[in-house]
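Student: I should like to study one part of this structure closely, namely the pairing of charged side chains. Please guide me through it in one connected account, and place it within the structure as a whole.

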Amino acid sequence: MLDLETNVLNAYYIGSKYATLLNKLEIYTLKDLIYYYPIKYEDSRNVTNIEDIVIGEKNFIKGEVVYIKSIYTRNRKNIINAKINDDTGECNIIWFNQPYITKSIKEGDTIILGGIAYFEKNSIIFKSPQYEIVKEGKENIHFSRITPIYSQTKGITSKWLRSRIKNILDNINIEDYIPEEIKSKYDLLDINEALRKLHFPKTFEDIEKAKKRLGFEEILYIQILSYLKKQERKKKLSYRVIIDEKKISEFVDSLDFKLTPSQVRSINEIIKDINKNIPMNRLLEGDVGSGKTIVALITVYMMHLNKLQSAIMVPTSVLAKQHYETAKSVLKDIRIQLITAKTKRIDRSASIFIGTHALLSNKDIFKNLGLVIIDEQHRFGVRQRDMLIQKGYYPHILTMTATPIPRTLALGIYGDLDISRLDDMPKGRIKVKTYIVPNEKRNDSYKFIKDRIKEGEQAFILCPLIAESEKLQLKNVESEYKNLKENIFTEERLALISGKSKNKDEILDNFKNKKYDILVSTPIIEVGIDIKNATIIVIEDAERFGLAQLHQLRGRVGRSDKQSYCFLFTSASHNERLEFFSKNNNGLELAEFDLKMRGPGEIYGKNQSGNPDLKMASLLDASLIKMTRDAVVDIIEILDRYPKLKEKTREAQDRILTIN
Ligand code: ADP
Ligand code: MG
């Protein structure tokens, strides 16, 4: 039996050259290797008779090698010519530069091969096809079956992966953490069987069953965890907030806009929660610009009226500053403390604390923390969220996000959550017009921007990376800034902001106060920034971004009653995602589209090596999620009898969903 924790470097049948290549695929141990899932399958169960070969298409045939010979051309290239026949005919094969083939294939051998068939010089010919020798009594790995295809890297082929994975799967017996009774009740495969069926299925049904089992396990631990948390939470007492309706409506009336119906609805949902002494755990979802901040501030105000403190955590210092300013302007006469890495002195008697993760590193800030708000919550890990929450005595929790999560996904990831949705936009907003701009049309866009600037409007120009990366030829924000300033926008006033800038707040303030026309930036302005006079955003190398992120970026404009524009600069000739994006302004639909194209792992969670978490895209599978939720209830009852399962659940807590 093999030890699955063995490093691939130490496995004699892998070798150091391949181990290095595997590491590039984030495969470090044998376990990682068997959890390297196929991306698709090829069905070669039925071979074609030679007489039925379809020219120009991929064919699988099986026959006897009646001739094979290796020759070298004058310029020392190796060529192998072979002929194989079956009962119905004969065809030719040619392999280039693979001299070792004659070491393994001999005349008289039966082989299976797969490749495109050509018709040349009056005969059928396969050029460098994949092949496998058929041996009596030995099962084929590559052909005559449903064959897994893996995402490949240079130097590692699916064929190579298949044979190594097969070798491992034949020599292991993984301990299954899922109890027998659960497996039988929910019709789940044993883990060993599931992995074998996933890599070497006999039928397509095998693949489905394997995916079900592996997908089940992917979300199970998250679900158990959130179930336990919810039980725990229900037992806790938190502050019961008394609602002073008169004061609240006075406050709402003092705002210079009218709340949208969904803002009102969300506030009422929040009131219902915090008016009980069970801690609230609510996610406020609303598209970019839908007005989540004011909902948060009204909640904060209710806390303040109850003499309770609130903490608002945001992902960037720039956003913290902005929220701080907003809060100061609407919540007059209330003590508000901004906390970023730069903060030196903290007024602990403040009612409201607004800050970055610096909130976490400061000890004993709070006296009576009644409410924790996490803005752009998808940018924080579970750990960070919990750390802030633990600074209070079971505070109410409101998380906010503009990266909408389809409902099944939300249940899968966050299990124990109530959701409020802002599904309408403040009045008077005009849809941002989005255009894909190929290289040759760049100058038209620049001219357009100049014209808008003459009208007093402002623009963002966004570049993906700061570091010079020749290989990918991404726009370097610093050199692009120089280029724009010297060659294109010579008359306009430009500023540059990046993660490296020391005086970010000042730059943004100046931009907000119209001291600049154009702000050249990295994605640090991605979230939250609210500058109403900016009406244009240019995104360089747009194809590099996920749709949710593009949508966030686009949300930096269109914040007033002026028509706004988003230009997607790209050198990709055709890009389905960008096309979809340019026509769609709905964050939820965009997120779903991206999920289908890229999988939740890439968007909502990092796949760390060897952890099967969220690899199977199972989070989109509503019925699987429902089944898992049901199973959790059964498992909880017996969990004490299964210490290993309990342990796994705890481990899962440490690694799930740390995003960005
Ligand atoms: P997000 O949901 O993206 O965080 P914000 O809270 O930043 O959005 O709100 C975007 C802008 O809309 C802000 O300038 C805010 O003052 C404004 N706003 C919020 N609610 C309303 C409303 N009901 N009517 C008009 N403007 C609103
Ligand atoms: Mg916001």
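**Charged pairs and their surroundings**

Tutor: With a relative accessibility of 28%, Glu579 counts as partly exposed. The model is a predicted one, and Glu579 is a convenient residue with which to begin, for its side chain meets that of Lys583 in a salt bridge, at 3.8 Å from N to O. Lys583 is exposed, its relative accessible area being 62%. The two residues stand 4 apart in helix H19, which covers residues 576-583, and so about one helical turn separates Glu579 from Lys583. Elsewhere, salt bridges with shared partners join several residues into one network: Asp176, Glu180, Lys183, Asp190, Arg213 and Glu217.

The general principle behind such pairs is simple: side chains of opposite charge can pair when their charged atoms come close. Within the network just named, consider Arg213 and Glu217, whose side chains form a salt bridge with an N to O distance of 2.4 Å. Here again the partners are 4 residues apart in a helix, in this case H7 (residues 204-235), and therefore about one helical turn lies between Arg213 and Glu217. The surroundings of this pair can be read from accessibility. Arg213 has a relative accessible area of 0% and is buried. Glu217, at 10%, is also buried, because a residue under 20% is placed in that class.

A further pair links two elements of secondary structure. The side chains of Glu269 and Arg282 meet in a salt bridge at 3.7 Å, N to O. Since Glu269 belongs to helix H9 (residues 261-274) and Arg282 to strand S9 (residues 281-286), the pair ties together parts that are 13 residues apart in sequence. Glu269 is partly exposed, with 26% relative accessible area, whereas Arg282 is buried, at 8%. The three pairs described here belong to a longer list, for a search of the whole structure finds 33 salt bridges.

Charged residues also take part in the lining of the largest pocket. This pocket holds about 1300 Å³ of space. Of the 50 residues that line the largest pocket, Phe257, Thr326, Arg429, Asp530 and Lys532 lie nearest its centre. The lining divides into 19 charged, 16 nonpolar and 15 polar residues. Helix H9, already met as the home of Glu269, is among the helices that each supply at least two residues of this lining; the others are H10 (292-305), H11 (317-330) and H17 (504-512). The largest share, 9 residues, comes from H11.

For contrast, one may turn to a part of the surface that is nonpolar. Tyr239, Tyr393 and Tyr394 form a nonpolar patch there, and together they have about 320 Å² of accessible area. One of them, Tyr393, lies in the loop between helix H13 (382-389) and strand S14 (396-401). Tyr393 is exposed, because its relative accessible area of 56% exceeds the limit of 50%.

Finally, these details may be set within the whole. The protein chain has 23 helices and 21 strands. Its C-alpha trace spans about 95 × 70 × 40 Å along the principal axes. Of the 660 residues in the chain, 54% are buried; Arg213 is one example of a buried residue.

Note on methods
Residues numbered from 1 in each chain as written. Chains lettered and ligands numbered in written order. Predicted model: local features only at pLDDT ≥ 70, side-chain atom pairs only at ≥ 80, totals over all residues. Heavy atoms only, no water. Salt bridge = Lys/Arg side-chain N within 4 Å of Asp/Glu carboxyl O. Buried < 20%, exposed > 50% of the residue type's maximum accessible area, 1.4 Å probe, protein only. Patch = residues over 30% accessible without salt bridge, like charges linked within 9 Å, V, L, I, M, F, W, Y side chains within 5 Å. Areas by Shrake-Rupley, 256 points an atom, 1.4 Å probe, with all protein chains shown as cover. 1 Å grid on protein atoms, 1.4 Å probe; cavity = no way out; pocket = protein on both sides within 12 Å on 5 of 7 lines; lining within 4 Å. Points joined across faces, edges and corners; volume = space filled by probe spheres on them. Nonpolar A, V, L, I, M, F, W, Y, C, P; charged D, E, K, R; others polar.
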